[in-house]
Amino acid sequence: MERACDLTVNGSMRFVNMDVYTPLYVTGSVTAQDLLCLMDCNLIVGGSLTIGGLLMTELTDGGMLVVHGATSAGAWLEAWDRGEVALLQDLEGRRLRLSDSPYDGQAEAEDAADALSPGLLDDGTEDLSDRLWKAALEGRPPAAPRDPAPGRDRRQR
């Protein structure tokens with residue numbers, strides 16, 4: 001019997017593929033402070049996905065995030081309505097949307113402007129994912145702290 005292998009990142013993780021469809025299949029669980037899945041990223045998690053801060057998906061049509069186990073994140077920001085996000089169990093955490101997002105799949109999500117750290121949406125000089133990654137690398141949490149509330153949001157795409 002094969003043993004599942006876990007991936008733990010002590011900090012933030014960014015997985016980006018562009019025009020190269022190289023999947024990352026973690027047979028066990030993935031744990032990180034922040035996770036940015038961008039462009040043609042193909043991340044398949046056989047166990048659970050635990051993100052302490054921000055999970056951001058900004059996927060093209062060729063990108064995917066699949067999680068077979070439980071998924072928890074401080075907040076999940078889906079920046080584009082492209083690619084495939086398949087969370088086989090309910091998401092435990094806040095769900096965010098960009099205020100100018102044109103698609104209806106995020107009608108119940110909170111506006112990211114209220115949840116991201118101040119200044120991350122204000123500066124249009126670089127891509128949002130680049131600003132979030134830079135903040136994570138500098139040790140600044142991309143998501144603003146939130147008062148804990150009873151009964152966390154449990155939504156799935």
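These questions and answers walk through a predicted model.

Student: In what order do the four strands of the open sheet lie?
Tutor: The sheet is open, and its pairing is parallel. Its edge strands are E3 (23-26) and E10 (84-87), each pairing on one side only. On average, neighbouring strands are turned by 5° against each other, direction ignored. The order is E3-E6-E8-E10.

Student: Which residue in E6 is the bridge partner of leucine 24?
Tutor: Strand E6 covers residues 42-45 and pairs with E3 in the parallel sense. The two strands share four bridges. The partner of leucine 24 is leucine 43.

Student: Is asparagine 42 buried or exposed?
Tutor: Asparagine 42 lies in strand E6. Buried means under 20% relative accessible area. Asparagine 42 has 8% relative accessibility, so it counts as buried.

Student: Which backbone oxygen does the side chain of asparagine 42 reach?
Tutor: Asparagine 42 touches several residues beyond four places away in sequence, among them Phe15, Tyr21, Pro23, Gly62 and Met64. One of its contacts is polar, at 3.3 Å from the side chain. The backbone oxygen belongs to glycine 62.

Student: Which strand gives the most to the largest nonpolar core?
Tutor: This core has 21 residues. Those that touch the most other members are Leu35, Cys37, Leu43, Leu49, Ile51, Leu55 and Leu65. E2, E4, E5, E6, E7, E8, E9 and E10 each supply at least two residues. With four residues, the strand that gives the most is E7.

Student: Which residues does leucine 35 touch, not counting those up to four places away in sequence?
Tutor: Leucine 35 is one of the core residues that touch the most other members. Contact here means heavy atoms within 4.5 Å. Its partners are Met13, Leu43, Leu49, Ile51, Leu54, Leu55 and Met56.

Student: Why is helix H2 largely enclosed by the rest of the structure?
Tutor: H2 spans residues 128-137. Its buried residues include Leu128, Trp133 and Ala136. What covers the buried residues includes strands E2 (12-17), E5 (34-39), E7 (49-59) and E9 (71-78). The helix is largely enclosed because its buried residues number seven of the 10.

Student: Which residue with a positive phi follows H2?
Tutor: The helix H2 runs over residues 128-137. The residue in question has a phi near 80°. It is glycine 139.

Student: How many residues apart in sequence are the parts that aspartate 61 and arginine 82 tie together?
Tutor: Aspartate 61 forms a salt bridge with arginine 82, and the closest N and O atoms are 2.8 Å apart. Aspartate 61 is exposed, with a relative accessible area of 57%, while arginine 82 is partly exposed at 39%. Aspartate 61 sits in the loop between E7 and E8, and arginine 82 in the loop between E9 and E10. The pair therefore ties together parts that lie apart in sequence by 21 residues.

Student: Are glutamate 78 and arginine 95 buried or exposed?
Tutor: A search of the whole structure finds two salt bridges. The side chains of glutamate 78 and arginine 95 meet in a salt bridge at 3.7 Å, N to O. Glutamate 78 lies in E9 and arginine 95 in E11 (residues 91-97), so the pair ties together parts that are 17 residues apart in sequence. Both residues are buried.

Notes. Residues are numbered from 1 along each chain as its sequence is written. This is a predicted model: local features need pLDDT of at least 70, side-chain atom pairs count only at pLDDT 80 or more; totals for chains, interfaces and linings use all residues. Side-chain values use heavy atoms; hydrogens and water are left out. Two strands pair if DSSP finds at least two bridges between them. Axes are lines fitted to C-alpha atoms, for helices over the stretch in contact, and angles run from 0 to 180 degrees between N-to-C directions. Buried means under 20% relative accessible area, exposed over 50%, partly exposed in between (1.4 Å probe, protein chains only). A nonpolar core is a set of buried Ala, Val, Leu, Ile, Met, Phe, Trp, Tyr and Cys residues joined through side-chain atoms within 4.5 Å. A polar contact is a pair of N or O atoms within 3.5 Å; within protein, one must be able to donate a hydrogen and the other to accept it, and residues adjacent in sequence count only if both atoms are side-chain atoms. A salt bridge is a side-chain nitrogen of Lys or Arg within 4 Å of a carboxyl oxygen of Asp or Glu.
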